[in-house]
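Me: Please take a close look at one part of this model, a place where two helices pack, and follow the side chains from there. I would like the geometry as well as the residues involved.

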Amino acid sequence: MHHPAPVVDRPLIHHTGFWYFPVAFVARLPFAMMTVGVLALVVALRGSVALGGLTSAAVGLGVVVAGPVLGDLADRHGQRRVLVPVGVANGILLALFPLVVASAPGEALLLIVATAIGLTGPQTAAMSRSRVMALIGDRVRPERRERTFSRAMAYESAADETAFVIGPFVVGVLAALVAPWAPIIGAAVLSFVFVTAFALHPTGRAVPERSEREEMAPFRDVLHPRMLVLIAAVFGVGLFFGSTLTSLTAFMEAQGAPEAGALLYGVMGVGSAVLALAVAALPARFALRWRLVLFAAILTASAGAYTVGGSVVTVTIVLCLMGIGVGPSLVTLFSLAGHRSPRGRTASTMTLLASALTLAQAVSSAVTGAIAEDVSVATAMLLPAGAALLVLAMAAVNASSAPRWDAAPLTV
């Protein structure tokens, strides 16, 4: 049986230990570097944005297929048993990938290895949220739980955002300064070292295995309409990320500097991460459902401005504005998902959201790359606005139905 630890009035970091958050952050980077690194490497060595987008999509597809399975396995058997072998396999596949790109004559092997990289993608962010939620439910006083939960979700989303910024930025720097293969080898090393360290961290025992639980909600509860609307909105954010990165890469390739695409994408992410952290300072009376509507509206307006294109300077300014909308939207979506997560299903819920984000990012990378190559860069730059409209539509549906859906108590 899993016996809750005694509740003591101490900050969350006392329960996690000082090194938990740095390790959990660095362990996110291989995941953040995979899709962009694969895209950059294939474009550099094969000279095709469309093939790069397709290979990046194959990584994403693998992540999506494996994500809910890994989440379910972690809920049943504990995170350590799942993450250790997954992290090692991912590191090996990443290390082999540059050789495959350089030597494989056709595209089939390239896409198979890319899919395998995705299948072994370590779901560190989702697992970290699950651990933190379990610790808050287990060891934080009930009167402080809500505030701690809000801050923790803001931090986790900001960490995701920062990883998704630093990931592409590191890819851009290593590809420009060393070689196109350097970012993938870097991701392999990080996967070996930090994903393993995260897997073995004592906080992994904070989430009880199914055998230690009294009961666990059926998986169908994760697919309730109140969860599906959040999954669809996160999917929209993923479409936004993928279409923005790929159209930006194509835009900068037209300017003669394709590797600068990842660096410019980082501009959006910096603002996004800062604003994601700032969400924790918003008053509790500013309800999550209205926050989502506001930030989705900002995202849609700025994505509309992005469609105009123009010079590198104007695109950079618009990217800053897009960051104001996207980071806080993601924080709010994961916070809502945390509140609505069925009993004993936090890892399943969080990996499902992470998988939706990655699938959308992969699909939109492939579609945007093909449109940029076969139609025009200007047409490709219209796609982020469509993605933002989906997020706004789901925010509106959520705002109208949330009072009914959220009448149920919080489960962690």
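Reply: In this predicted model, helix α7, which spans residues 124-139, packs against helix α14, residues 346-374, at an angle of about 145°, and the two axes lie 8 Å apart. The crossing in which α7 passes α14 is right-handed. On the α7 side the contact is made by A126, R129, S130 and M133, which meet T346, A347, M350 and T351 of α14; sorted by class, this contact has four nonpolar residues, three polar ones and one charged residue.

R129, one of the α7 residues that meet α14, also lies over the face of F334, at 3.7 Å from the ring centre. A second arginine, R131, is placed over the face of F198, with 3.9 Å to the ring centre, and F198 leads on to the aromatic side chains.

The count of aromatic pairs comes to three. In one of them, Y20 and F198 are tilted with respect to each other, with 6.0 Å from centre to centre and 35° between the planes; the value of 35° falls in the tilted class because planes count as stacked under 30 degrees and as edge-to-face over 60. This pair links distant parts of the chain, since Y20 belongs to helix α2 (residues 20-26) and F198 to helix α9 (residues 182-200), with their positions 178 residues apart. Both Y20 and F198 are buried, and together with F21 they form one aromatic cluster, whose member F198 is the ring that R131 lies over.

How values were computed: Residues numbered from 1 in each chain as written. Predicted model: local features only at pLDDT ≥ 70, side-chain atom pairs only at ≥ 80, totals over all residues. Heavy atoms only, no water. Axes fitted to C-alpha atoms, helices over the stretch in contact; angles between N-to-C directions. Helix = DSSP H or I, 4+ residues; strand = E, 2+ residues; numbered from the N terminus. Left-handed = near helix turned anticlockwise from the far one by under 90°. Contact = heavy atoms within 4.5 Å. Nonpolar A, V, L, I, M, F, W, Y, C, P; charged D, E, K, R; others polar. Phe/Tyr/Trp six-rings, centres within 6.5 Å; stacked < 30°, edge-to-face > 60°. Buried < 20%, exposed > 50% of the residue type's maximum accessible area, 1.4 Å probe, protein only. Lys NZ or Arg CZ within 6 Å of the ring centre and 35° of its normal.
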